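This report describes selected features of one molecular structure, arranged by topic. The sequence and the coordinates are shown below.

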Amino acid sequence: MNINTKVLNEVIQKRRSIFQQQYSGEAVSEAIIRQMLVNANWAPTHKLTEPWRFVVFTGNGLKALADFQASLYKEV
């Protein structure tokens with residue numbers, strides 16, 4: 001296996017948390033979302049149980065989720 005350690009080190013060292021107030025509002029393409037989900041499936045799992053389940057909300061579904069979370073937050 002050919003590992004480019006320079007690229008790997010750079011990715012690890014430059015990784016940062018991103019917070020909501022830093023979001024640009026620009027839509028993320030479906031191709032990038034799909035690749036992120038494929039990459040997420042490579043995350044370690046407990047004894048290979050692979051419990052990952054993902055739901056992607058867009059458009060009206062995202063608005064409905066936001067409304068639901070807002071009402072739940074107010075209620076609780």
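## Helix H1 and the nonpolar surface patch

The model discussed here is predicted. Ile12 is located in helix H1, which covers residues 5-14. With a relative accessibility of 53%, Ile12 is classed as exposed, because the threshold for that class is over 50%. Together with Ile3 and Leu8, Ile12 makes up a nonpolar patch on the surface. The combined accessible area of Ile3, Leu8 and Ile12 is about 290 Å².

Helix H1 also contains both Lys14 and Glu10, which are four residues apart, or about one turn of the helix. A salt bridge links Lys14 with Glu10, and the closest N and O atoms are 3.4 Å apart. Lys14 has a relative accessible area of 59% and is therefore exposed. Glu10, at 41%, is partly exposed.

## Salt bridges in helices H2 and H3

The structure holds three salt bridges in total. In addition to the pair formed by Lys14 and Glu10, Arg34 is bridged to Glu30, with 2.8 Å between the closest N and O atoms. Arg34 and Glu30 both belong to helix H2, at a spacing of four residues, about one turn of the helix. Arg34 has a relative accessible area of 54% and counts as exposed. Glu30 is likewise exposed, with a relative accessible area of 51%.

A further salt bridge joins the side chains of Lys63 and Asp67, at 2.9 Å from N to O. Lys63 and Asp67 are about one helical turn apart, because four residues separate their positions in helix H3. This helix comprises residues 59-75. Asp67 is assigned to the partly exposed class because its relative accessible area is 40%, a value between the limits of 20% and 50%.

## The largest pocket

The largest pocket has a volume of about 570 Å³. Its lining consists of 18 residues. Those nearest the centre of the pocket are Glu26, Val28, Ile33, Phe57 and Leu62.

By residue class, the lining of the largest pocket is made up of 11 nonpolar, five polar and two charged residues. Helix H2, spanning residues 30-40, supplies the largest share of this lining, with four residues.

## Separations along the chain and in space

Gln35 is another residue of helix H2. Its relative accessibility is 43%, so Gln35 is counted as partly exposed. Gln35 and Gly25 are 10 residues apart in sequence, and the distance between their C-alpha atoms is 20 Å.

A second pair connects residues already described under the salt bridges. Asp67, in helix H3, and Glu10, in helix H1, are 57 residues apart along the chain. The C-alpha atoms of Asp67 and Glu10 are separated by 39 Å. Each of these two residues takes part in a salt bridge within its own helix: Asp67 is paired with Lys63, and Glu10 is paired with Lys14.

Methods. Residues numbered from 1 in each chain as written. Predicted model: local features only at pLDDT ≥ 70, side-chain atom pairs only at ≥ 80, totals over all residues. Heavy atoms only, no water. 1 Å grid on protein atoms, 1.4 Å probe; cavity = no way out; pocket = protein on both sides within 12 Å on 5 of 7 lines; lining within 4 Å. Points joined across faces, edges and corners; volume = space filled by probe spheres on them. Nonpolar A, V, L, I, M, F, W, Y, C, P; charged D, E, K, R; others polar. Patch = residues over 30% accessible without salt bridge, like charges linked within 9 Å, V, L, I, M, F, W, Y side chains within 5 Å. Areas by Shrake-Rupley, 256 points an atom, 1.4 Å probe, with all protein chains shown as cover. Salt bridge = Lys/Arg side-chain N within 4 Å of Asp/Glu carboxyl O. Buried < 20%, exposed > 50% of the residue type's maximum accessible area, 1.4 Å probe, protein only.
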